[in-house]
Amino acid sequence: MTIHTITTAPFAGQRPGTSGLRKKVAEFQQPGYLENFVQAIFNTLVDCTGQTLVVGGDGRYFNRQAIQVILRMAAAHGIGKVLVGQGGILSTPALSCVVRKHGAFGGIVLSASHNPGGPHGDFGIKYNTSNGGPAPERITEAIYSNTLAVEAYDISDEGEVDLDRPGIVRIEQMEVEVIDPVADYAQLMQELFDFDAIRTLFASGFRMCFDGMGAVSGPYARTIIEGMLGAPAGTVINGIPLEDFGGHHPDPNPVNAAELIALMAATNAPDFGAASDGDADRNMIVGRGIAVTPSDSLAIIAANARVAPGYRVGIVGIARSMPTSTAADRVALALGVPCYETPTGWKYFGNLLDAGMVTLCGEESYGTGSDHIREKDGVWAVLFWLNLIAASGKPVETIVRDHWARFGRNYYSRHDYEAVDALAATSMMTHLRAKLASLAGKPIGSYTVDFADDFIYADPVDRSVASHQGVRIVMTDGSRIVFRLSGTGTEGATVRLYLERYEVDSSNHAIPAQEALAELAAIADSVAGLRVHTGRDGPTVIT
Ligand code: VG1
Ligand code: CO
């Protein structure tokens, strides 16, 4: 068959955000839109001829069509081989695992992650490099520049590949191998965790509910938790990946996973609850009557890392995104290892992981992971907790309360103001930045500002600098108020307000989080003029 060079013209706005390019499905369906972006990826990659690429997505609407286009374009660019998940399925962490295990040149993830799917929902595309992690900003910016200059794209006119049939076929000279999307990943998990101990736990009658939210974690959770670990059938709910996620908003937090939260609060609640997002890189951990904050989860995993065989030798360091609470910093201090503070987005952890400077990474947005791959990993975090529960014999709530008693509690909450007017949001941030210099030393309510700045990150490995990564107002007692604008939304702007207060005294550890943080929320509003600028009375989502 033939390779065609098709003339095209650039589309505006194809700049990757926090995690790839995310747009409404309709935007991606415009003729040439996806092709332009994929061509820009190939134009950015130096000499990928004969190389292996991994391709897969979270199964959302447009996943299969996009994969067919990418396969035909990869063949036209001389790629030697593509590994593609059966049914077009690969969770983000599984793709990272497959890239690393098979020594691939890179990977293309089709997902808009925690954003809703379906014909009226969102779609996304992201390039990962040979370490299995999201391309660093230097590459995503080069891809963006190439989208602005693209004049033509190359594509083969061969027919569709049957993505449901495992095995090898060819497009032009390129091999396409349809692989089991779960196998490599499941094997890696088995190496990291004490599956025997977890099997014994389930055999003793321990009950769990894993909510796949109709997204891609289902097949992974079913194979590993119900299959390999022997949890009863039905432990995984909403476990089949659907093009529209069954109408779920596949963002695992207590608001969107209300069904799970209600189940965990009921009288006959299971012992343990968990949920994952669209592409299975996020996790929410729930005990009977308690949802663990992601920041606490990172700190607890760090403090107990040695219970899992994969981390028996201990951890070399931790990294957390700037808005993530400082609970992990306290654990790092106690362990005598460094804790790095990075901008939001997993791509900033890649260098630290590659350089062997950190073992664990985490974000407040329900993201936790380790050096086993280069993406955050939802099922990994759930397996860690199962391993911890099996090893300690303690329920989730006791594990969390014991942790607070030892390290103090970092009360934490994120308030999102979604889909606000983009100009209003930027103007709020501009006003806020202008105020920062005057805040240091200022008493506000029962707090005094220690310093206030716009976070700048200098990567300790390659010295690259990322600025404007979020405004932080840090109080003398370590309490923090952080503001940033989301880089994953597709409608207007989303303002994220992050609140943190440290409480060492365990007799004060049982205050409801919103109550404990109420004064900081009020200060945030008065300093930034949040309600005035956004025209909103309050946040749309509180997690
Ligand atoms: C959000 C989170 C961030 C996360 C990113 C991708 O970004 O805050 O921590 O890395 O989503 O997660 P933003 O720019 O909207 O705040 V995922 O699971 O959507 O790939
Ligand atoms: Co995700």
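**A walk from helix H4 to the sheet edge**

Start by selecting helix H4 (residues 92–101): H4 lies across strand S3 (52–57), strand S4 (81–89), strand S5 (106–110) and strand S6 (122–128), and runs at about 165° to S5. Helices (H or I, at least four residues) and strands (E, at least two) are DSSP runs, numbered from the N terminus. Axes are lines fitted to C-alpha atoms, for helices over the stretch in contact, with angles from 0 to 180 degrees between N-to-C directions. Contact here means C-beta atoms, placed from the backbone, within 7 Å.

You're looking at a predicted model, where local features need pLDDT of at least 70 and side-chain atom pairs count only at pLDDT 80 or more, while totals for chains, interfaces and linings use all residues. Residues are numbered from 1 along each chain as its sequence is written, and chains are lettered from A and ligands numbered from 1 in the order in which they are written.

Next, add helix H6 (residues 183–192), whose axis comes within 9 Å of that of H4, crossing at roughly 85°. That makes H4 roughly perpendicular to H6 (65 to 115 degrees). Show side chains: Pro 93, Ala 94, Cys 97, Val 98 and Lys 101 of H4 meet Asp 184, Tyr 185 and Leu 188 of H6.

Now pull up the sheet, an open one of 7 strands with mixed pairing, ordered S2-S6-S5-S3-S4-S9-S8. Strands S2 (21–24) and S8 (167–171) are the edges, each with a single partner strand, so one side of each has no neighbour in the sheet. Pairing takes at least two DSSP bridges.

Finish at S8, which pairs antiparallel with S9 (residues 174–179) over 5 bridges; there, Ile 171 sits opposite Met 174 of S9.

How values were computed
Contact = placed C-beta atoms within 7 Å. Parallel < 35°, antiparallel > 145°, perpendicular 65-115°, else oblique.
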